[in-house]
Amino acid sequence: MNTSFNLIDEPWIPCTDPTGKVVELGIRETLANAHRLIEISGDSPIVTVALHRLLLAILHRVVEGPTDMRQWSRLWADGKGRWENTTLDEYLTKQHDNFELFDPERPFYQAADERVKEKSVASMVMDAASGNNGTLFDHHTEAGGLSLTPAQAARHLLAAQSFGLAGLSGLDQKFTYAPCVGGILFLVQGKTLFQTLLLNMVRYGKDEPIPKLGDDLPTWEAADPYAERSLPNGYLDYLTWQNRRILLKPEVGLDGVTRVRNMTMAPGLRMDGEVQNPMMHYDANNKAERSFPLRFSESKALWRDSSALFKLRTEGIRPPLSVDWLATLSSNGKIEKSETRRISALGMVNDQAKMEFFRGERMPLRNEYLEDKILVEALDSALKMAEDVARQLWGSARTLATFLVAPESDSPEGNKPQKEDLNQKMGPWGIERRYWARLEAPFMVTLETLPDDSSIALRNWQETLKRTAWQSLDSITESLGTSPRALKATVQARGQLAAGLTKVFPKETTL
């Protein structure tokens, strides 16, 4: 039976149309209609990243650049918000056979390895229960099996090549980390998918964004995608790096429908750990010898570190190249400076060979931050204020817990509470969670309005911080009742918070 599934023609890329509906399209249709589509909407943040990487590799190859701002601006302006379909169609037609997912000779993004046995495709799906992955996102198990449509299999295949984790493989050679593991991937978003793709098409030359060490080709054009090397031949090789030797095993049921339940998987290319991902933000914290990528934290939203993203490239700091490129385009008048865009932060957090969680966040992005160091310093100041208030709030909650556990602790003869008792009392309150959760939306407003009038925006932000601190504390004290013990603890805690806010904002009225 025929198991053909060509990624150029068959629908498999989930895109959001202008009505908000998610539709699946092939590569040709996705790019031809990119000016009408809003965005790519992957099954998970890592699938979304993997799909962008594939489309960017195709576009860089088709336009053979952009090599400079002039070529980029022609694509932005002369294309009237769309890709020039003739050249794109010619390339996709020429490469059509190389995008066959189940080709018997050279299936797309795959390679056989006779040393390994077949196993469930659950091992390839990062959000399925398999190996070290728990049943956090999916109720299938490796033993129970997982069945994928060809479209689903194609998306997860790309994600596995981009986000595969290190670990044992059953062979002498171990699995290694794929290029997108270990940090947050940033994408600049435009009003349409066309704009998003072009805004993330950074300058592509001999040494940018990754040095060319050889004939730089995407994997589907390479004579041997798995030719031994630890450094990519260039950016196209990097975007389509084959970290795994995966071979999907399609089955055609009695109903004629093709499904994928099994596969083989073995280690593929091993990339040198010193290669930096162009989509990540690197910072040498505490004057470390090397820079490390910014990572998601389970307990801390990314916006609390947002000022770092807008800092210009300096020693030890390398922002995402799409943000760096946007700053260059803006300062040279190639794009509108006043237009507000968004930046998407996508990725996952792992603990060695175990995937912990996925995350996707979005923030407004105004070009002024990319050019004005003083504006970034004002944003940094706003974030520092929030951290300072958080510390004062925690201290007042600690005082509240102290007088609830030991009401006479303020007298010389009173018992002093044990640290363990205070932690136990404060744990259910989640005082910091209450505080930070209330601040995310107001911060996005501050981020967007700060360039218009920083003094007004910062004043409003200060008032928000004070109001949020009081709300967070009051939401706890109001549930304590009116016993003498509770009333005394509340008075002490509120007095400490008032003093703390005066310390943070000495010239402001805190009550």
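Tutor: Before we begin, pLDDT is the predictor's confidence in each residue, on a scale from 0 to 100, while helices (H or I, at least four residues) and strands (E, at least two) are DSSP runs numbered from the N terminus. This is a predicted model, in which local features need pLDDT of at least 70 and side-chain atom pairs count only at pLDDT 80 or more, although totals for chains, interfaces and linings use all residues. Residues are numbered from 1 along each chain as its sequence is written, and side-chain values use heavy atoms, with hydrogens and water left out.

Student: Which elements have the lowest and the highest mean pLDDT?

Tutor: Among the elements of the protein chain, strand 1 (residues 13–16) has the highest mean, 98, and helix 8 (residues 306–309) the lowest, 84. Over residues 129–143, however, the pLDDT is below 50, and this stretch has 32 contacts in the model beyond near neighbours in sequence, where contact means heavy atoms within 4.5 Å. For the protein chain the mean pLDDT is 90, with 93% of the residues reaching 70 or more.

Student: What makes the span of helix 11 close to the expected one?

Tutor: The expected span is 1.5 Å times one less than the number of residues in the helix. Helix 11 (residues 373–405) has 33 residues, and its reach of 48 Å from first C-alpha to last is close to the 48 Å expected.

Student: Why are Trp-72 and Trp-76 called a stacked pair?

Tutor: A pair of aromatic rings is described by the distance of the centres and the angle of the planes. Rings of Phe, Tyr and Trp (its six-membered ring) pair if their centres lie within 6.5 Å, and planes under 30 degrees apart count as stacked, over 60 as edge-to-face and the rest as tilted. For Trp-72 and Trp-76 the centres are 5.1 Å apart and the planes differ by 15 degrees, and the pair is therefore stacked. Because they are four residues apart in helix 3 (residues 69–78), about one helical turn separates Trp-72 and Trp-76.

Student: Why is the pair of Tyr-435 and Trp-436 edge-to-face?

Tutor: The ring centres of Tyr-435 and Trp-436 are 4.9 Å apart and their planes stand at 70 degrees, so the pair is edge-to-face. Tyr-435 and Trp-436 also belong to one aromatic cluster with Trp-303, Phe-443 and Trp-461.

Student: How do you know that the charged end of Arg-304 sits over the ring of Trp-436?

Tutor: A charge sits over a ring if NZ of Lys or CZ of Arg is within 6 Å of the ring centre and within 35 degrees of the ring normal. The charged end of Arg-304 is placed over the ring of Trp-436, at 3.7 Å from its centre, and Arg-245 lies over the face of Tyr-226, 4.3 Å from the ring centre.

Student: Why does Leu-198 count as buried?

Tutor: Buried means under 20% relative accessible area, exposed over 50%, and partly exposed in between (1.4 Å probe, protein chains only). Leu-198, which is found in helix 6 (residues 193–199), has 0% relative accessibility and therefore counts as buried. Leaving aside neighbours within four places in sequence, Leu-198 is in contact with Trp-72, Leu-75, Trp-76 and Trp-83, and both Trp-72 and Trp-76 are buried.

Student: What makes Thr-477 buried or exposed?

Tutor: Thr-477, in helix 14 (residues 454–477), has 8% relative accessibility and so counts as buried. Not counting residues up to four places away in sequence, Thr-477 touches Leu-400 and Thr-490.
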